[in-house]
Amino acid sequence: MRRQDELICIYGGQSNLARKFLLSQMEGLALAFDSEELLEFLQSETGDPDPVVRGQALFSLAHFLTGYVQKRYALSEQSVGVWSTFGKDKTDVKAVLERGLDRSARIREVGQAALLATKPLAESLIASLDTIKGWTRTRAVLALGNFGLRRSEEWLSSAFRPPELPLEVGLALADLRGVEAESRIVSAVRESAQANPELFLLLGAVPGPASFSLLMDSIERTDVVGRMNLARALAGFSSSDVSDAFVRLCRGGEGWVVVVALNSLETLGKVDLLPRIAQVYRSAHHDFVRIQAVKSAGGIFSRDSIGFCVEALRSGSDAVRAVALESLVRLRADPKSLSEVATPLLTSPHLKAKVNAVLAALSPEEALVSPALNGLLMSTDNLSRLEAAYCLGYLQSKRALEFLGALANQDPALSVRQQAAKSLSKYPARDSLPVLIALLSSQEPRLALTAARVMTRYDGEEAAQTCEQISMALAQARRPFERALLYRALGLVCGKSQYPHARTVLAAGLDEKEPRVLAGVVEGWNLMGTAAEPSVVDRLGAIATGGEPRLSARALLALWHFGDLSAPERLGQLLASGDEKQVAPALECTMEIGLLLVSVAEGDRFPDLAAKLSGLIGSPGYEAFVGSEVDLGNSLSLKKANPRPDVDFDVRRQPRKPTTTARPKASSLPSVPSVSSVSSVSRPERPPSGVRLAARPPGPAQSAGPDSTNPGVGVNQLKTFLEKLGGENGATEGVKEALSRVTYLIADGLAQGAGLATLWASPYGKALIFSPVVVLLLVMLLRPSASGPGKARRARQGGEARSDALPVLRAQGRRGVRVPERRGPGAAHRRRQGVEPGRGPDHRKRRQGPGSDDPVRSRHLRGQGRSVGAQTWRQHQPRMTTLRGRAGRPADPHRRR
């Protein structure tokens with residue numbers, strides 16, 4: 001199951017700190033091919049009544065949007081996950097960066113020209129902020145941070161002042177990356193973060209000496225939520241002092257703080273941080289913390305990281321071993337050795353461990369006759385079948401393709417059908433598209449939407465095949481919802497392939513009368529990004545002038561991408577209208593324009609627009625604008641997506657090809673993963689040569705190869721099973737309930753607070769901490785001395801004589817000699833119960849302890865430093881020891897206190 005699906009599935013019903021952690025994991029998954037699901041989810045959580053959840057959702061959304069828009073317009077390569085690249089060689093990413101650096105000067109000039117062209121839109125945005133409220137205003141503020149103008153910085157700086165310090169204003173101000181913005185943020189956080197801990201998140205957005213000093217000073221002065229935010233902010237720093245900050249954050253033992261800090265170390269990816277991760281792993285008492293430590297080690301490319309993950313694979317729980325497998329794949333461990341160490345987990349009762357073992361240990365031929373995969377396919381548990389569908393996307397064969405078709409069409413659980421559609425998109429377009437297009441006719445809208453989204457992931461030659469299949473489907477589709485999805489998908493895929501016939505189909509679509517279908521056509525042109533035909537431009541201009549508000553805004557965005565430099569001003573007029581129906585869609589387009597300023601400057605994705613902007617460079621208006629409105633040091637803070645090296649598994653396909661199709665051309669396959677900065681590329685793409693894993697022999701019930709006596713499940717058998725299962729209402733278990741028992745994303749019982757750290761930060765904390773010490777000192781001072789009246793009283797009672805006999809009585813008790821009966825209430829009670837005075841009938845048994853006749857158990861307990869018999873004896877021994885040197889008390893070890 002993919003990471004983003006797990007996050008959404010288990011989110012509901014968790015504590016606020018657990019939900020905060022899950023939201024923080026979502027922001028790095030923006031490059032997933034169906035990231036629209038996460039966008040909708042994050043937007044919904046920004047209205048959560050809990051301020052802890054609401055603040056984290058807003059912060060994650062702001063960081064998510066950059067990658068989302070780049071992915072939406074096919075501007076960045078899709079994130080490369082671990083299993084689809086397992087055993088594949090990678091091209092060095094340095095060449096990609098060098099090519100980008102050579103064009104940086106030109107990009108800067110074109111980007112400043114883009115700011116000049118969009119200045120009217122930014123001014124309208126600032127003017128509208130005084131009239132709009134709620135979520136619309138929050139989005140407008142976030143959008144303003146993408147327009148690096150002096151006026152934008154002035155407005156945001158004035159709005160970010162105590163006592164009101166909205167988080168969205170701080171995020172927008174941080175996006176401008178100006179010197180004044182940094183000082184303003186640090187000052188505001190210092191003054192107000194104790195009352196509003198979410199402001200600590202901003203320190204990572206403006207890394208510098210002042211920010212880091214404030215971070216270190218605030219660790220002991222805030223609560224667990226504040227420390228979680230400080231731990232998240234660590235990911236923005238590159239200082240060597242991060243290690244010291246990590247130690248101080250983890251000192252209190254707050255589980256949520258520790259796991260967030262581990263995620264920050266993973267993002268940094270520095271080899272010198274690995275010892276800190278290993279230290280947390282070995283000292284952690286909670287399996288969830290150990291799991292996060294192993295996951296973090298998977299983001300640090302080094303020989304020591306492989307050794308650490310191998311250690312976890314050998315000695316950890318099945319949940320830890322499941323993550324260790326994923327981390328070893330991310331670290332490019334030797335595939336053959338990894339297959340050998342993964343084989344024992346094929347029979348693991350832990351679902352995630354078993355699924356990862358199937359992906360790591362079995363070939364497509366072996367998998368389909370493996371009891372592990374067959375058991376998942378034929379399970380009444382929805383989650384097991386979902387994981388089987390997930391595996392079949394990577395273990396590709398003709399038979400596996402048929403299994404996915406059966407699951408996508410017949411499985412009674414919608415989540416399984418959706419996963420089957422996602423796995424189908426990993427197959428060559430020629431094989432998967434007939435099934436995916438047929439799913440668009442489903443009566444379940446969510447399944448149809450998933451199918452429409454996943455078919456847009458193809459590039460190059462396969463994108464042209466996809467355009468051809470979509471065009472054929474449009475000729476037969478009748479439902480408006482289905483036709484709208486097809487038009488939108490056609491525009492996005494055509495933008496990546498430039499398939500000529502797609503333009504003809506989209507041009508004809510502009511004559512559609514149904515508003516929903518026409519919206520899909522307009523969005524198709526917008527995503528395509530180019531339009532050479534004047535008739536298309538004229539038709540879109542007419543829609544922008546007299547169409548429905550959302551159609552007008554999207555049409556203007558398409559015209560901007562075609563090179564119409566007047567489109568931003570017209571879009572600004574919609575913002576200034578004050579009509580909520582016009583403001584909301586215009587604001588959405590404004591956000592996309594701001595986030596795409598860098599991409600239009602690069603010129604590859606929107607060549608018509610880049611050419612028009614290049615014509616502005618050097619003009620008098622351009623020179624005056626740059627000198628007065630643009631902050632030359634930070635005018636084009638070009639944000640790039642910052643995908644986490646997470647095990648999302650949703651990657652660009654490099655398939656084990658089915659026998660029914662030819663392999664796509666190499667030029668159409670991405671060669672490198674997405675990168676966000678030069679520092680992230682400095683890590684080696686593969687570990688040092690010669691690193692291999694020590695193989696673990698398979699257990700007696702395991703097999704390293706296919707079982708010739710087990711032909712596996714047949715396709716017809718699976719269809720019959722699914723048909724029967726669909727008729728048994730309520731017979732299957734929900735995915736969420738099953739996932740909550742096997743996921744390693746969340747855990748119950750994780751420590752939420754460290755007593756001393758939290759108490760010390762409270763107003764009366766120091767007094768409460770020192771009060772027990774004061775009481776103890778008073779007791780010691782007031783305690784009677786050994787020469788006081790207590791000793792004289794004991795002497796008068798004959799205590800000294802009894803004290804002399806104490807060693808003899810202890811020796812007799814050890815040898816089993818009968819101790820003289822002691823008269824008193826205890827002895828009388830024992831006589832009434834028929835027990836021998838001075839010792840019970842089970843005295844010997846108590847000394848030896850239950851189970852002491854079992855040599856294995858006794859040896860096990862002695863290995864822990866005690867035996868049951870010794871433990872029973874020590875229950876009396878401390879009492880006897882306290883009598884040593886005291887007078888007036890008998891030495892009977894069975895005497896009650």
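Which residues are exposed on the other side of α15? In this predicted model, the residues in question are Pro275 and Arg282, and they are best understood together with the buried residues of the helix. Helix α15 comprises residues 274–283, and within it Leu274, Ile277, Ala278, Val280 and Tyr281 are buried. These buried residues cover an arc of only 160° around the axis, which puts them on the same side of α15, while Pro275 and Arg282 are exposed on the other side. The buried residues of α15 are covered by elements that include α13, α14 (255–268), α16 (287–297), α17 (303–315) and α18 (318–330).

Two further helices can be described in a similar way. In helix α26, which spans residues 429–439, the buried residues are Ala429, Asp431, Ser432, Leu433, Leu436, Ile437 and Leu439, and the buried residues of α26 pack against α24 (398–410), α25 (414–424), α27 (445–454) and α28 (460–476). In helix α33 (residues 549–561), eleven of the 13 residues are buried, so this helix is largely enclosed by the rest of the structure. Among the buried residues of α33 are Leu551, Arg554, Trp560 and His561. The length of α33 can also be checked against expectation: at 1.5 Å a residue, its 13 residues should span 18 Å, and the end C-alpha atoms are 19 Å apart, which agrees. The helix is followed by Gly563, whose phi is positive, near 110°.

The aromatic side chains were examined next. A pair of aromatic rings is described by the distance of the centres and the angle of the planes. A search of the whole structure finds ten aromatic pairs. In the pair formed by Phe64 and Tyr68, the ring centres are 6.0 Å apart and the planes lie at 20°, so the pair is stacked. Both residues belong to helix α4 (residues 51–72), where Phe64 and Tyr68 are four residues apart, about one turn of the helix. Phe64 counts as buried, with a relative accessibility of 0%, and Tyr68 likewise counts as buried, at 8%.

Another arrangement is found for Phe212 and Phe237, whose ring centres are 5.3 Å apart and whose planes stand at 70°, so this pair is edge-to-face. Phe212 lies in helix α11 (residues 209–218), whereas Phe237 lies in the loop between α12 (224–233) and α13 (242–250), so the pair ties together parts that are 25 residues apart in sequence. Phe212 is buried, with a relative accessible area of 9%, and Phe237 is also counted as buried, at 3% relative accessibility. Elsewhere, Phe21, Trp256 and Phe288 are linked into a cluster by ring pairs. An aromatic ring may also be accompanied by a charge, as in the case of Phe606, over whose ring the charged end of Arg605 sits, 5.4 Å from the ring centre.

Charged side chains were then considered in pairs, and a search of the whole structure finds 33 salt bridges. One of these joins Arg19 to Asp48, with the closest N and O atoms 3.0 Å apart. Arg19 lies in helix α2 (residues 16–26) and Asp48 in the loop between α3 (36–45) and α4, so this salt bridge ties together parts that are 29 residues apart in sequence. Both of these charged residues, Arg19 and Asp48, are buried.

Helix α3 takes part in a further salt bridge, in which the side chains of Arg488 and Glu36 meet at 3.4 Å, N to O. Because Arg488 lies in helix α29 (residues 480–497) and Glu36 in helix α3, the pair ties together parts that are 452 residues apart in sequence. Glu36 counts as buried, with a relative accessibility of 12%.

The salt bridge between Glu123 and Lys119, by contrast, has an N to O distance of 3.9 Å and lies within a single helix, α6 (residues 104–128), where the two residues are four apart and are separated by about one helical turn. Glu123 is partly exposed, with a relative accessible area of 32%, and Lys119 counts as partly exposed at 22%. Finally, a network of salt bridges links Arg72, Glu523, Arg550, Arg554, Glu588 and Glu592; of these residues, Arg554 has already been named among the buried residues of α33.

How values were computed: Residues numbered from 1 in each chain as written. Predicted model: local features only at pLDDT ≥ 70, side-chain atom pairs only at ≥ 80, totals over all residues. Heavy atoms only, no water. Phe/Tyr/Trp six-rings, centres within 6.5 Å; stacked < 30°, edge-to-face > 60°. Buried < 20%, exposed > 50% of the residue type's maximum accessible area, 1.4 Å probe, protein only. Lys NZ or Arg CZ within 6 Å of the ring centre and 35° of its normal. Salt bridge = Lys/Arg side-chain N within 4 Å of Asp/Glu carboxyl O. Expected span 1.5 Å × (residues − 1). Contact = heavy atoms within 4.5 Å. Arc of directions from axis to C-beta.
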